[in-house]
Amino acid sequence: MSTDRKTTVALLGTGLIGAPVARNLHKRGFTVHAWNRSSAKARALAADGILAFDSPTDTVRDADIIVTVLKDGPTVHEVIQAAAPALAKGAIWAQLSTVGIEGTDTLAALAERHSLVFYDAPVQGTRQPAEQAQLVVLASGPLAQRNAVQPVFDAIGKRTLWASEQTGASTRLKLALNAWAFALTHGLAESLALARALGVDPALVVDVITGGPMDSGYCQAKAAAILAGNYAASFSIANAAKDARLVIEAAAQSGVRLDAAQAGLHRFERALAAGHGDKDMAASYLA
């Protein structure tokens with residue numbers, strides 16, 4: 001990387017997570033190029049000093065580090081392929097999207113074809129932690145360029161957990177963590193729904209667990225959203241359903257039976273079919 005200019009980061013994807021990631025990178029002194037399929041979302045970042053581009057190719061040109069925060073593996077693959085003419089050999093690619101095991105393997109192979117240094121780095125956290133630069137970055141990849149990519153992770157997160165030198169280890173960890181997050185979400189949603197159906201104020205459920213061993217910040221945040229009927233997306237039902245499918249696929253490949261995860265996927269799919277795809281995954285309550 002050049003030593004006489006600021007490091008340039010090309011950020012591909014400026015949705016609920018990508019937009020605050022872009023802002024936090026800029027705040028930490030990076031030159032940030034941004035692109036989004038819905039171009040208005042990228043252009044909205046101009047007020048924060050971020051340079052918006054109309055194509056992936058223009059976005060990655062002259063970039064030292066490429067960061068992808070897109071919805072799924074096929075989309076990431078398509079966008080990097082589109083950017084290929086301007087990719088610099090030896091550039092670092094930090095892949096933050098949750099794309100599953102097969103998706104990560106496919107993207108790692110794509111990186112190798114274009115001589116990119118690939119880091120599998122899905123993040124733990126939703127919109128609010130992203131806005132506060134409090135994500136947990138789950139990273140795996142070669143030792144050689146870790147010192148170069150670590151400042152990017154430090155700019156967007158409170159902690160980086162290096163899982164392995166082997167690409168894909170962090171994706172596997174993220175799938176296990178998602179299984180837990182979805183179990184918490186559905187368990188809370190069903191408990192509150194059952195209370196209401198039985199004629200009990202659901203707020204009493206929250207009152208009983210508050211401050212006890214079953215309590216958590218996550219529980220309180222999702223319960224508050226459900227009780228208020230406020231489903232502004234921190235992590236949408238549509239994304240949760242996509243990630244739940246990746247969890248089920250990984251379990252099937254590994255020979256592990258996940259009954260609760262399978263039932264949870266059905267619940268997300270019911271909420272999706274009922275038109276709640278853009279709502280927060282706490283809308284499992286509405287399934």
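Is R196 buried, partly exposed or exposed? With a relative accessibility of 47%, R196 counts as partly exposed. The legends below come back to R196 and to several other spots, and everything shown is a predicted model.

**View 1. R196 sits in helix α8.** Start with the residue from the opening question. Setting aside residues up to four places away in sequence, R196 touches P202 and Y285. For a sense of scale, pick A84 as a second landmark: the C-alpha atoms of R196 and A84 are 54 Å apart in space, and the two residues are 112 apart in sequence. The partly exposed label follows from the 47% figure, because that class covers what falls between buried, under 20%, and exposed, over 50%.

**View 2. The largest pocket has a volume of about 1400 Å³.** Its lining takes in 48 residues, and the ones closest to the centre are I17, T126, S234, F235 and N239. Which elements supply at least two residues each to this lining? They are β7 (123-124), α6 (127-131), α8 (169-197), α10 (217-228) and α11 (237-254). Helix α8, the home of R196, gives the most to the lining, with seven residues. As for chemistry, the lining divides into 19 nonpolar residues, 19 polar ones and ten charged ones.

**View 3. T98 pairs up with K174 through a side-chain polar contact.** You'll find T98 in the loop between β5 and α5 (100-113). Its relative accessible area is 10%, so T98 is buried. The side chains of T98 and K174 meet at 2.7 Å. K174 also turns up among the residues that T98 touches, along with K71, P122, N178, K242, D243 and L246, once residues up to four places away in sequence are left out.

**View 4. T59 is tucked into helix α3 (residues 56-60).** How accessible is T59, and which class does that put it in? Its relative accessibility is 0%, so T59 counts as buried. A polar atom of the T59 side chain lies 2.7 Å from the backbone oxygen of S55. Look beyond four places in sequence and T59 touches A10, L11, L12, H33, A34, W35 and F53. Take L11 from that list: T59 and L11 are 48 residues apart in sequence, yet their C-alpha atoms are 7.7 Å apart in space.

**View 5. The largest nonpolar core has 31 residues.** Nonpolar side chains in soluble globular proteins tend to be buried together. Inside this core, the residues with the most contacts are L25, V67, L96, V152 and F153. At least two core residues each come from β1 (8-12), α1 (18-27), β2 (31-35), β4 (65-68), β5 (92-95), β6 (117-120), β8 (135-140) and α7 (146-156). Helix α7 provides the largest share of this core, five residues. Zoom in on L96 and you can pick out V67, T68, V69, A121, P122, V123 and I156, which L96 touches when residues up to four places away in sequence are not counted. Apart from this core lies another one, of 23 residues, with L192, V206, I237 and A282 among them.

**View 6. G157 lies in strand β9 (residues 157-164).** G157 counts as buried because its relative accessibility is 11%. Leaving out neighbours within four places in sequence, G157 is in contact with A133, Q134 and L135. P129 is another useful marker here: the C-alpha atoms of G157 and P129 are separated by 8.1 Å, with the two residues 28 apart along the chain.

**View 7. D62 and S115 have positive phi values, and neither is a glycine.** Most residues other than glycine have a negative phi. For D62, phi is near 70°. Where does D62 lie? D62 is in the loop between α3 and β4, and its relative accessible area of 60% makes it exposed. For S115, phi is near 60°. S115 lies in the loop between α5 and β6, and with a relative accessible area of 34% S115 is partly exposed.

Terms used:
Residues numbered from 1 in each chain as written. Predicted model: local features only at pLDDT ≥ 70, side-chain atom pairs only at ≥ 80, totals over all residues. Heavy atoms only, no water. Helix = DSSP H or I, 4+ residues; strand = E, 2+ residues; numbered from the N terminus. Buried < 20%, exposed > 50% of the residue type's maximum accessible area, 1.4 Å probe, protein only. Contact = heavy atoms within 4.5 Å. Polar contact = N/O pair within 3.5 Å; in protein donor to acceptor, adjacent residues only side chain to side chain. 1 Å grid on protein atoms, 1.4 Å probe; cavity = no way out; pocket = protein on both sides within 12 Å on 5 of 7 lines; lining within 4 Å. Points joined across faces, edges and corners; volume = space filled by probe spheres on them. Nonpolar A, V, L, I, M, F, W, Y, C, P; charged D, E, K, R; others polar. Core = buried A, V, L, I, M, F, W, Y, C linked by side-chain atoms within 4.5 Å.
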